[in-house]
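Subject: Structure handover

Hi there,

Here is the structure I promised to pass on. Have a look at it first, and then read my notes below.

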Amino acid sequence: AEAMLTLLSDDSGLVLVHGNGPQVGALLLQNEAGRKEVPASELDVLVAETQGSIGYLLSRSLHNALRAREKAIEVVTVVTQVVVDPADPAMANPTKPVGPFYPETDRADLVAERGWQMVSVAGKGVRRVVPSPPPIDVVEIDAISAAAAAGRLVVAGGGGGIPVARADSGELVGVEAVIDKDRTAALVAIRLDARSFIILTEVPHASVGFATSDEAPILEMSIDRAQELLDEGEFPPGSMGPKVESAIAYARATGRPALITNVESLADALEGRNGTRVL
């Protein structure tokens, strides 16, 4: 919360988009463990639940941090639906990690016993993956825009948004998936014409050769160079890949740089001493 307040300005609002991978994965486990006694919720409903719970925790922390600074800025969490294509090839190719990490040695048993699809995460083990189609539209974008324009601190698009599809009739229908939060954040930033776009993750910057003896930081790259490295597999899906893709999308659409860093390095990254800028 303290780090986020450094991004506030006097003449505009701030929009925060958060992930939900560990939390929605935990809810999936709870659903599966109790399905003999309680009907399981669908994945889009679980995303909505995490939007409410994480949004509450973030808004409470932000409210308290603002109060400590004697700033009378209202914090609002918007339950956000995000339109996807249920026929997108990503629905048949799960890539979005959710839930806890498991030892690599447990992978075969989890696949056999639970029918999960798993992915390896460098240095951490294996994790369950679920479908993650790209976001197409944000249903509540006008409400988010109005709140931000009024100077409020807005939490929106939590967990990448609740995945929904538009039927031919125009009705919204839930989709069993989890949308990548970075891609949704980029879409929100582009639709709002946000003057800056920052992706906060676990590492201070993107790197080539991540988690190898040849690892080297990238402090700046053009969208063309970023795309080359993506195509070469330097930024894997479910990890740094969506962050770089999202930075490219924002920089291409707005002509402004996107920044990738972590909370601890944010101050230095804003001054150009750390982080990865995609130009």
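First, a word on naming: helices (H or I, at least four residues) and strands (E, at least two) are DSSP runs, numbered from the N terminus. Please note that this is a predicted model, where local features need pLDDT of at least 70 and side-chain atom pairs count only at pLDDT 80 or more, while totals for chains, interfaces and linings use all residues. Residues are numbered from 1 along each chain as its sequence is written, and side-chain values use heavy atoms, with hydrogens and water left out.

Let me start with the second largest pocket (on a 1 Å grid over the protein atoms alone, an open set of points where a 1.4 Å probe fits, with protein on both sides within 12 Å along at least five of seven lines; lining residues have an atom within 4 Å of a point). Its volume, the space filled by probe spheres set on the points, is about 160 Å³. Strand β6 gives the most to the lining, with three residues. Among the lining residues are Leu 28, Trp 116, Arg 128, Val 129, Val 130 and Glu 176. By type, the lining divides into seven nonpolar, two polar and two charged residues.

Next comes Ser 132, in the loop between β6 (125–130) and β7 (137–138). Ser 132 is buried, with a relative accessible area of 5% (buried means under 20%, with a 1.4 Å probe and protein chains only). Its side chain makes two polar contacts (pairs of N or O atoms within 3.5 Å, one able to donate a hydrogen and the other to accept it; residues adjacent in sequence count only if both atoms are side-chain atoms). One is with the backbone oxygen of Val 178 at 2.9 Å, and the other is with the backbone nitrogen of Asp 180 at 3.3 Å.

Now to the largest nonpolar core (buried Ala, Val, Leu, Ile, Met, Phe, Trp, Tyr and Cys residues joined through side-chain atoms within 4.5 Å). This core has 22 residues, and Phe 197, Met 221, Phe 235, Val 244, Ile 248 and Val 278 touch the most other members. Helix α8 supplies the largest share, six residues. A second, separate core has 16 residues, including Val 84 and Ile 141.

Helix α8 also holds Ser 246, which is buried at 2% relative accessibility. Beyond four places in sequence, Ser 246 is in contact (heavy atoms within 4.5 Å) with Asp 182, Arg 183, Ala 186, Phe 197 and Ile 199.

Best wishes

Methods. Buried < 20%, exposed > 50% of the residue type's maximum accessible area, 1.4 Å probe, protein only. Nonpolar A, V, L, I, M, F, W, Y, C, P; charged D, E, K, R; others polar.
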